[in-house]
Amino acid sequence: MVTRTSIGALGMAGLLAASGVIALSGTADAASTLGSAAAGKGRYFGAAVAANHLGEAPYVSTLDTEFTSATPENEMKWDAVERTRNSFTFGAADQIVSHAQSKGMKVRGHTLVWHSQLPSWVGTLGTADLRTAMNNHITKVMQHYKGKIHSWDVVNEAFQDGNSGARRSSPFQDKLGNGFIEEAFRTARAADPAAKLCYNDYNTDGVNAKSNAVYNMVRDFKARGVPIDCVGFQSHFNSASPVPGDYQANLQRFADLGVDVQITELDIEGSGTAQANSYSNVVRACLAVSRCTGITVWGVTDKYSWRASGTPLLFDGNYNKKPAYTAVLTALGGTSSGGGGGTAACTVSYSKQEEWSDRFNGKVTVTAGGSAIGNWTTTVTVTSPQKISATWNGTPTWDSSGNVMTMKPNGNGSLAAGASTSFGFTVMKNGSNAAPVLGSCTAS
Ligand code: G3I
């Protein structure tokens with residue numbers, strides 16, 4: 001019996017994809033990093049960067065080796081660059097931008113207008129003065145970085161959580177009204193016409209009241225010619241807020257409005273295979289949406305994450321690559337360099353199929369590695385209170401909770417090297433849209 005995880009295994013697919021990547025970058029190991037593998041798919045792969053870690057050698061070497069875009073984690077926020085009115089301090093942000101530029105990385109600008117990390121003086125201004133201050137802030141910051149930022153989060157987190165679909169209270173909203181967002185985008189376009197202008201938010205990753213409200217705003221902006229080029233989906237996930245089952249569909253509906261979509265602050269709490277599979281689902285969703293132009297993870301290493309105890313990133317505190325790293329690399333069509341030890345017996349991948357209000361169908365594709373296999377098996381875990389109500393093209397058994405299905409083939413499951421088969425199942429949502437999580441694939 002040969003047992004390997006699904007994650008290392010997709011290296012075979014990566015190997016197949018690698019030839020195109022080599023041509024693009026001109027180096028022999030082109031697709032062995034996140035950035036080069038993403039480039040092979042026409043995307044950037046970025047990380048949030050904190051200026052105060054740029055003196056730490058493994059932090060910098062991990063950043064420089066793996067990532068092709070950098071987002072200052074805090075250094076471009078209002079309280080960092082304009083703590084005192086009309087007195088701008090760009091030192092820490094400049095450090096990140098020059099480092100990124102010296103390594104050929106792109107930079108995402110984060111963020112111009114946000115209710116948080118806002119110096120208190122902004123909240124004391126009267127309406128007319130606040131309007132002047134907001135436009136001055138946008139203009140001065142964008143002019144300082146003109147030509148150096150590929151995308152700006154012009155407005156961040158302007159909508160409330162929950163079902164209201166309402167705008168969040170902030171000095172901007174409360175004094176300038178709904179029109180502040182539009183005004184911010186118009187000012188931003190004038191300040192740096194080459195930068196992509198994004199609206200960025202969290203809890204908008206699936207179809208829900210909050211994302212519907214953002215969707216309606218973007219549709220209205222496009223209809224009226226208000227300049228907006230992209231929508232950022234922060235994608236902070238954990239067990240209470242898992243990757244939604246309609247993540248890809250949600251990205252696609254925004255893209256269909258005529259804007260790019262970007263995954264801007266990705267992190268997923270957890271560990272091991274479950275975390276790896278969730279990361280893989282996110283990457284595959286982005287790759288399936290042609291206007292999903294890039295992915296940024298919210299930090300380089302778990303140890304400096306804003307939620308370090310949830311170990312949500314791709315490198316552990318010692319800069320070791322985690323299973324989630326390998327899952328992302330393989331989902332991007334890359335292949336691990338060094339070590340490795342051959343291809344795995346088989347790999348599994350998930351895709352959502354038809355969906356109705358109360359249920360959706362899932363499909364799992366099982367692919368043999370570099371050798372022929374038989375008797376493959378894998379698990380599919382659904383999130384309670386979801387239940388699997390039907391299956392096809394396989395023989396299932398269940399754990400005591402009824403949430404973990406172990407699937408075996410009908411018959412001997414023989415697959416030639418590199419060949420695939422698939423099985424399907426129906427998930428009753430019971431109120432949850434979470435995507436199923438796949439276990440590893442084993443075979444004899
Ligand atoms: O730099 C000071 C330090 O001098 C001081 O000793 C220390 C103690 O309070 O605070 C330090 O500042 C902290 C800063 O991070 C830098 O580490 C702030 O208190 C802390 O509030 C700040 O947290 C940031 C948070 O935004 C603020 O809301 C996180 O690093 C940052 O990851 C997080 O990022 C946000 C995105 O901008 C928007 N989307 C959500 C995301 C996660 O919350």
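This passage describes a helix, a ligand site, several residues with unusual backbone geometry and two glutamines in a predicted model.

Helix H6 covers residues 91-102, and its length can be checked with a short piece of reasoning. At 1.5 Å a residue, the 12 residues of this helix should span 16 Å, and the C-alpha atoms at its ends are indeed 16 Å apart, so the expected and the computed spans agree. Within H6, the residues Ala93, Ile96, Val97, His99 and Ala100 are buried. When the helix is viewed down its axis, these buried residues fall within an arc of 165 degrees, and therefore they line one face of H6. The elements against which the buried residues of H6 pack are strand E2 (44-49), helix H4 (57-66), strand E3 (69-72) and strand E4 (106-113). Gln101 also belongs to helix H6, but it has a relative accessible area of 39% and is therefore partly exposed, since the range for that class lies between 20% and 50%. The C-alpha atom of Gln101 is separated by 39 Å from that of Ala166, a residue 65 places away along the chain. Just after the helix, the backbone of Gly104 takes a positive phi of about 75 degrees.

Strand E4, one of the elements packed against the buried residues of H6, contains Thr111. The peptide bond that leads from His110 to Thr111 is cis, with an omega near -5 degrees. A cis peptide bond is also found from Ser384 to Pro385, where omega is near 10 degrees. Pro385 lies in the loop that runs between strand E13 (378-381) and strand E14 (387-392), whereas Thr111 lies in a strand.

His110 appears again at the ligand, which has 14 residues around it; of these, Glu73, Lys77, His110, Gln117 and Glu265 come nearest. A polar side-chain atom of Glu73 lies 2.4 Å from an oxygen atom of the ligand, while for Glu265 a polar side-chain atom lies 2.7 Å from a ligand nitrogen atom. In the side chain of Trp298, an N or O atom is 2.9 Å from an oxygen atom of the ligand. Taken alone, the ligand exposes 790 Å², and the protein buries 45% of that area.

Glu265, whose side chain approaches a nitrogen atom of the ligand, is also one of the residues in contact with Gln234. Gln234 is placed in the loop between strand E7 (230-233) and strand E8 (236-237). Its relative accessibility is 1%, and because this value is under the 20% limit, Gln234 counts as buried. Leaving aside neighbours within four places in sequence, the contacts of Gln234 are with Asn156, Glu157, Asn200, Asp201, Tyr202, Asp205, Thr264, Glu265 and Leu266. With Glu157, the side chain of Gln234 makes a polar contact of 2.9 Å, side chain to side chain.

Glu157 itself is found in the loop between strand E5 (151-156) and helix H9 (171-176). The phi angle of Glu157 is near 55 degrees, which is a positive value in a residue other than glycine. With a relative accessibility of 9%, Glu157 counts as buried. Asn203 likewise has a positive phi, of about 60 degrees, although it is not a glycine. The place of Asn203 is in the loop between strand E6 (196-201) and helix H11 (209-224). In contrast to the buried Glu157, Asn203 counts as partly exposed, at 34% relative accessibility.

A further glutamine, Gln353, is placed in strand E11, which comprises residues 346-355. Its relative accessible area is 36%, so Gln353 is partly exposed. Not counting residues up to four places away in sequence, Gln353 touches Asn361, Gly362 and Lys363. The side chains of Gln353 and Ser351 are joined by a polar contact of 2.9 Å. Gln353 and Phe425 are 72 residues apart in sequence, and their C-alpha atoms are 9.7 Å apart in space.

Terms used. Residues numbered from 1 in each chain as written. Predicted model: local features only at pLDDT ≥ 70, side-chain atom pairs only at ≥ 80, totals over all residues. Heavy atoms only, no water. Helix = DSSP H or I, 4+ residues; strand = E, 2+ residues; numbered from the N terminus. Expected span 1.5 Å × (residues − 1). Buried < 20%, exposed > 50% of the residue type's maximum accessible area, 1.4 Å probe, protein only. Arc of directions from axis to C-beta. Contact = heavy atoms within 4.5 Å. Near = heavy atom within 4 Å. Polar contact = N/O pair within 3.5 Å; in protein donor to acceptor, adjacent residues only side chain to side chain. Areas by Shrake-Rupley, 256 points an atom, 1.4 Å probe, with all protein chains shown as cover.
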